[in-house]
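User: Please take a close look at one part of this model, the packing of one helix against another, and then follow the charged pairs from there. I would like the reasoning spelled out with care.

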Amino acid sequence: LELNKSALTFYNKTDKMEENKATRKLRVCVATCNRADYSKLAPIMFGIKANPDEFELEVVVLGSHLIDDYGNTFRMIEQDDFDIGSKLHTIVRGEDEAAMVESVGLALVKLPDVLHRLRPDVLVVHGDRFDALALATAAALMNIRILHLEGGEVSGTIDDSIRHAISKLAHYHACCTRTAEQHLIAMCEDHTRILLAGCPSYDKLLAAHHRDDYMDIIRNWLGDNVKEHDYIVALQHPVTTDIKNSIKIYELMLDALISFNKKTLVLFPNIDAGSKEMVRVMRKKGVEQHPNFRAVKHVPFEQFIQLVCHAGAMIGNSSCGVREAGAFGTPVINLGSRQTGRETGENVLHVRDADTQNKIYHALELQFGKRYPCSKIYGDGNAVPRILKFLQTIDLDEPLQKTFCFPPVKEWDISQDIDHILETQSALAVDLGGTNLRVAIVSMRGKIVKKYTQANPKTYETRMELILKMCTEAVIDAVHLNCRILGVGVSTGGRVNPQEGVILHSTKLIQEWSSIDIRTPISDALHLPVWVDNDGNCAALAEKKFGHGKGVENFVTVITGTGIGGGIIQHNELIHGSTFCAAELGHIMVSLDGPECMCGSRGCIEAYASGMALQKEAKRLHDEELLEVEGMLDLKKAESVSAIHLINAARLGNHKAEAVLRTAGMALGVGIINILHMVNPSLVILSGVLAAHYQAPVQQVIGQRALTSAQSIQVLTSDLEEPALLGAASMVLDYTTRRIY
């Protein structure tokens with residue numbers, strides 16, 4: 001009985017310990033040093049505060065937040081209704097190198113008392129500032145677990161060294177990009193403690209930048225006469241490893257902006273060494289009194305989002321230009337070396353040697369007023385839920401001692417979220433056919449995860465509405481399918497300008513589909529980058545990434561379907577031509593007086609060998625009662641006759657049908673010989689529903705009529721079931737292909 005009582009007491013005690021462990025809140029201390037890092041930390045702080053059953057939040061404010069010259073930005077933290085547990089005056093004024101070192105020392109003197117009093121389970125620090133280095137150093141020495149945000153990135157100046165130093169002190173990492181994750185792994189950080197989360201500020205950016213009152217905000221900061229996309233935001237900081245040159249660039253930038261004569265919001269530089277000299281330059285040039293300029297120390301983040309989103313351009317060297325501005329497609333001019341190495345979208349124009357006013361002025365001329373596709377390089381709007389989930393899994397009973405994973409390191413496709421479930425890197429592929437509109441989620445390896453098909457509407461408005469509806473549905477489904485959508489690729493018939501994302505002229509099968517900017521509405525609706533190209537080019541890209549063309553430097557793909565099209569890969573690059581008319585293979589003429597083609601000419605390959613041409617011949621034979629043979633089903637109406645009936649009749653011995661197919665195969669073969677003699681590929685790939693029927697006759701014609709050196713070139717039939725969708729996806733998934741566009 002005593003033994004049973006003892007056992008019962010033990011089990012009750014154990015259950016009680018487990019219950020206490022399960023209900024214990026994680027005590028998280030978030031430390032913010034300046035206005036920039038608060039914009040990244042605030043979404044996490046709101047998330048922690050919204051989950052009081054799991055977390056207990058402590059806020060520590062230090063650095064330039066508490067300095068009047070930099071706007072006393074601690075007030076915006078109080079306005080956000082956060083209780084600031086400690087305010088530490090840690091900045092030694094002087095704005096030079098020695099003052100930065102003294103500021104780190106002063107912070108290290110003051111932080112131990114605060115951290116000892118708060119006793120957090122985890123300290124959250126951000127980025128690459130010298131204040132953050134002091135925080136990480138103090139916490140590491142006091143055996144407090146550290147979660148570092150935005151580690152693994154590369155930018156330039158002393159920031160890189162500080163960022164990587166903090167990463168080595170930190171126990172956990174929440175990084176923004178796949179490349180940053182790879183850098184951390186290469187730095188021997190434990191991959192199981194790295195979360196690929198995205199940038200927390202993007203959660204707010206993507207959710208809040210479409211505000212109805214944005215014009216009120218713009219007018220409040222720049223005056224009543226300013227218009228959307230007709231002003232500039234300028235934000236330049238010192239480069240601490242090259243202060244003299246960064247001040248010179250700042251002076252040249254202000255001169256260029258004065259000459260450019262547009263309304264400009266100039267934000268004061270940060271507190272780094274050299275900032276005092278930059279402010280002197282600004283005042284020497286009379287910027288604060290100039291009618292075109294508004295110089296400010298601080299703009300609340302929610303309003304700053306609106307100002308950057310609707311600006312005609314952003315200029316300077318702030319990380320905001322190469323990171324957050326990309327979410328809006330705002331054109332950016334990045335000056336100097338401060339952001340060297342950062343991943344950027346196509347909206348950023350780099351002026352690394354900003355050594356003349358004229359060079360900066362010319363960059364403003366090139367960029368001002370443009371709009372670019374929205375970029376999600378740094379986040380997809382779901383960073384905070386991932387980070388909170390990550391925090392919840394921290395085991396406080398695990399040893400605090402860091403362990404490093406020395407080479408060999410794990411592959412790039414390691415688990416990236418807290419449940420160790422791989423989010424499949426995927427693309428959204430759109431194929432606009434004459435009959436159907438198709439959308440698919442396509443994985444990095446070419447697997448179609450899910451496909452959606454609808455009849456293609458006949459008018460522009462209904463077609464665009466359906467495209468956006470289907471794409472939105474696919475993006476929502478992608479979350480449940482554990483797919484992370486990297487961008488959208490669009491395949492369409494006709495002539496396309498892939499650089500601008502514009503359909504110039506479409507085929508007759510797709511009505512109201514010429515001079516259409518398809519990139520912008522899709523990018524604006526989904527906040528994703530968008531690539532567009534002709535369906536023939538997409539078929540070639542599909543073969544290059546997933547099919548017979550993989551690893552082949554020079555090849556040609558010919559689509560044999562309703563029409564005839566294709567794409568040419570030369571030296572691993574897709575050929576578009578000067579007016580985007582290259583590889584119109586269906587309109588190679590093989591006869592001067594042949595049948596009329598849909599393009600208006602005569603004797604094109606398409607007029608002989610396309611599905612439409614074969615259907616036309618099938619109807620003619622049917623009308624003349626020359627198509628039916630024994631073994632075929634009776635055809636009651638000419639409208640039901642198709643190319644397949646012609647092929648079946650030929651297979652069953654109909655000599656007239658055989659003659660039509662023989663002529664079609666000869667025409668296609670002669671056209672392909674012309675291609676061989678012009679670009680000399682090492683491989684020809686036939687794609688489309690008629691490919692299998694043409695492979696043997698085309699190979700035979702090449703063997704009989706091509707030059708001796710070209711007769712050995714192989715003709716293969718594509719193994720890809722969905723070349724248009726896979727090609728559209730490859731524009732997104734393949735980095736090399738993307739750089740061509």
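Analyst:

**A helix pair and the salt bridges**

In this predicted model, helix α10 (residues 243-260) and helix α11 (residues 275-284) have axes that come within 10 Å and cross at roughly 25 degrees. Angles under 35 degrees count as roughly parallel, and α10 and α11 are therefore roughly parallel to each other. The crossing in which α10 passes α11 is right-handed. On the α10 side the contact is made by I247, Y250, E251 and L254, and on the α11 side by E277, M278, V281 and M282. Sorted by class, this contact of α10 with α11 has six nonpolar residues and two charged ones, with no polar residue taking part.

From this contact one can turn to the charged pairs. Side chains of opposite charge can pair when their charged atoms come close. The structure holds 30 salt bridges, and a few of them are described here.

One of them involves the loop between α10 and β9 (263-267), where K262 lies; its partner D230 lies in the loop between α9 (214-222) and β8 (231-235), so that the pair links distant parts of the chain, 32 residues apart. The closest N and O atoms of D230 and K262 are 2.9 Å apart. D230, at 28% relative accessibility, counts as partly exposed, and K262 also counts as partly exposed, at 25%.

A salt bridge between E78 and K87 has its closest N and O atoms 3.1 Å apart. With a relative accessibility of 38%, E78 counts as partly exposed, and K87, likewise at 38%, counts as partly exposed too.

The pair formed by K40 and E324 has its closest N and O atoms 3.6 Å apart. Because K40 lies in helix α2 (residues 35-49) while E324 lies in the loop between α13 (319-322) and β12 (332-335), this salt bridge ties together parts that are 284 residues apart in sequence. Both K40 and E324 are buried, a class that requires under 20% relative accessible area, whereas D230 at 28% counts as partly exposed. Nor does the pair of K40 and E324 stand alone, since salt bridges that share partners join K40, E150, E153, R323 and E324 into one network.

Definitions and conventions:
Residues are numbered from 1 along each chain as its sequence is written. This is a predicted model: local features need pLDDT of at least 70, side-chain atom pairs count only at pLDDT 80 or more; totals for chains, interfaces and linings use all residues. Side-chain values use heavy atoms; hydrogens and water are left out. Axes are lines fitted to C-alpha atoms, for helices over the stretch in contact, and angles run from 0 to 180 degrees between N-to-C directions. Helices (H or I, at least four residues) and strands (E, at least two) are DSSP runs, numbered from the N terminus. Angles under 35 degrees count as roughly parallel, over 145 as roughly antiparallel, 65 to 115 as roughly perpendicular and the rest as oblique. A crossing is left-handed if the near helix is turned anticlockwise from the far one by less than a right angle, and right-handed if clockwise. Contact means heavy atoms within 4.5 Å. Ala, Val, Leu, Ile, Met, Phe, Trp, Tyr, Cys and Pro count as nonpolar, Asp, Glu, Lys and Arg as charged, and the others, Gly among them, as polar. A salt bridge is a side-chain nitrogen of Lys or Arg within 4 Å of a carboxyl oxygen of Asp or Glu. Buried means under 20% relative accessible area, exposed over 50%, partly exposed in between (1.4 Å probe, protein chains only).
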